[in-house]
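Thanks for sending this one over. Please have a look at the sequence and structure below before reading my comments.

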Amino acid sequence: MSLPVILMLCVVTATVLGQPHARASDFYYSDISPVTDDKRFTNLYPEVELSEMNKVKHSKGNIVFTSGERISGDRLVVNHYDDESFATAVDIEVLMRYPAESSTGVTLTCIEIYVDTTASDAGGYLTRGGIGETIAEILLTSNGTRSFVYETFIYGY
Ligand SMILES: *[C@@H]1O[C@H](CO)[C@@H](O)[C@H](O)[C@H]1NC(C)=O
C-alpha cells in the first residue's frame with residue numbers, strides 16, 4: 001500500500017472509532033464563580049430539587065462524586081477540567097450541563113467528578129436529568145475555599 005492510502009485509512013479508522021465525540025458545543029459549564037447567598041443556585045431556582053450525588057472523601061478536600069456505573073459498550077462523551085484560585089476564601093459554585101442545547105441522543109450511564117478544594121467539604125448535586133436519561137445538569141459547591149479544581153467524566157451510549 002502506498003503511504004497516502006495508509007494515512008487515509010488511519011484517518012478513517014480514527015474517525016470511526018472516535019464517533020460520536022462530544023463537541024465543545026455539546027457541553028455547557030459555568031466558570032468557578034464566587035457566590036453570595038442571593039446568587040446561590042438554590043436561591044435563584046428554589047423550585048429545583050437537588051439530588052445529592054454519591055460522595056467519597058479521600059482526604060480533606062479531595063472528594064469524588066459519582067452517579068451510575070460504567071456498562072459494557074458505553075463510552076466517554078465528556079471530559080472537562082477546570083481550576084480557579086482566589087485571594088481570599090469564597091463560597092463557589094459551578095454549573096454543568098450535558099448536552100448544552102439540543103439532544104445528542106446519548107443515554108447517560110455514569111458520571112464521575114474528581115474535586116480538590118482547600119475547604120474541607122464540597123457538594124455535588126444533580127439538578128436535572130441523570131443516569132438513564134439523555135440530559136444531566138450538575139451543580140458543584142464549596143464554601144470558604146481558596147482554590148477549587150475539578151475534572152468531570154461523563155459516559156453514555
Ligand atoms: C454552603 O453554605 C450555604 C449557606 O450557608 C449552605 O446552605 C450550604 O449547604 C453550604 N454548602 C456546603 C457544601 O457546605
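Here are my points, one topic at a time.

1. Please keep in mind throughout that this is a predicted model. The pLDDT averages 89 over the chain, and 84% of the residues reach at least 70. Residues 5-21 are the part to read with care: their pLDDT is below 50, and beyond near neighbours in sequence this stretch has 1 contact in the model.

2. On the overall layout, the chain holds 2 helices and 9 strands. Going along the sequence, their order is α-β-β-α-β-β-β-β-β-β-β. Of the 157 residues, 26% are buried. If we take the contacts between residues at least 6 apart in sequence, 80% of them join residues at least 24 apart.

3. Next, the strand pairing, beginning with strand E4 (residues 54-59) and strand E5 (residues 62-68). These two run antiparallel and are joined by 5 bridges. They make a hairpin with 2 residues between the strands, and Gly-61 in the turn has a positive phi of about 80°. Ser-59 has Asn-62 in E5 as its bridge partner.

4. E5 also pairs with E7: the two are antiparallel, with 7 bridges between them. In this pairing, Ser-67 stands opposite Ile-111 of E7. E5 is therefore a good strand to follow by eye, being bridged to E4 and to E7, with E5 and E4 forming the hairpin described above.

5. Which residues touch the most other members of the largest nonpolar core? They are Val-115, Ala-136, Ile-138, Leu-140 and Ile-154, in a core of 27 residues. At least two core residues come from each of E5, strand E6 (75-98), E7 and strand E9 (136-156). The biggest share is from E9, which gives 8 residues.

6. Val-115 deserves a closer look. This residue sits in strand E7, which spans residues 108-117. Is Val-115 buried or exposed? Val-115 is buried, because 24 other C-beta atoms lie within 10 Å and the cut-off for burial is 20 or more. Leaving aside neighbours within four places in sequence, its contacts are Ile-63, Phe-65, Ala-122, Leu-140 and Tyr-150. Val-115 and Lys-57 are 58 residues apart in sequence, yet their C-alpha atoms are 9.5 Å apart in space.

7. Leu-140 is another core residue worth displaying. With neighbours within four places in sequence set aside, Leu-140 is in contact with Glu-93, Val-94, Ile-113, Val-115, Ala-122, Gly-123, Gly-124 and Tyr-150. Ala-122 and Tyr-150 appear in the contacts of Leu-140 and also in those of Val-115.

8. Now for the ligand. Which residues are around it? They are Asp-91, Asp-121, Ala-122, Gly-123, Thr-141 and Asn-143. By type, this shell divides into 1 nonpolar, 3 polar and 2 charged residues. Two names link back to the previous point: Ala-122 and Gly-123 are around the ligand and are among the contacts of Leu-140.

9. Finally, Glu-49 offers a contrast with Val-115. Glu-49 lies in the loop between helix H2 (41-44) and strand E3 (51-52). Glu-49 counts as exposed because it has 9 C-beta neighbours inside 10 Å, where 12 or fewer is the cut-off. Glu-49 and Thr-127 are 78 residues apart in sequence, while their C-alpha atoms are 6.3 Å apart in space.

Notes. Residues numbered from 1 in each chain as written. Predicted model: local features only at pLDDT ≥ 70, side-chain atom pairs only at ≥ 80, totals over all residues. Near = placed C-beta within 6 Å. Nonpolar A, V, L, I, M, F, W, Y, C, P; charged D, E, K, R; others polar. Helix = DSSP H or I, 4+ residues; strand = E, 2+ residues; numbered from the N terminus. Contact = placed C-beta atoms within 7 Å. Core = buried A, V, L, I, M, F, W, Y, C linked by C-beta atoms within 7 Å. pLDDT = per-residue confidence, 0-100.
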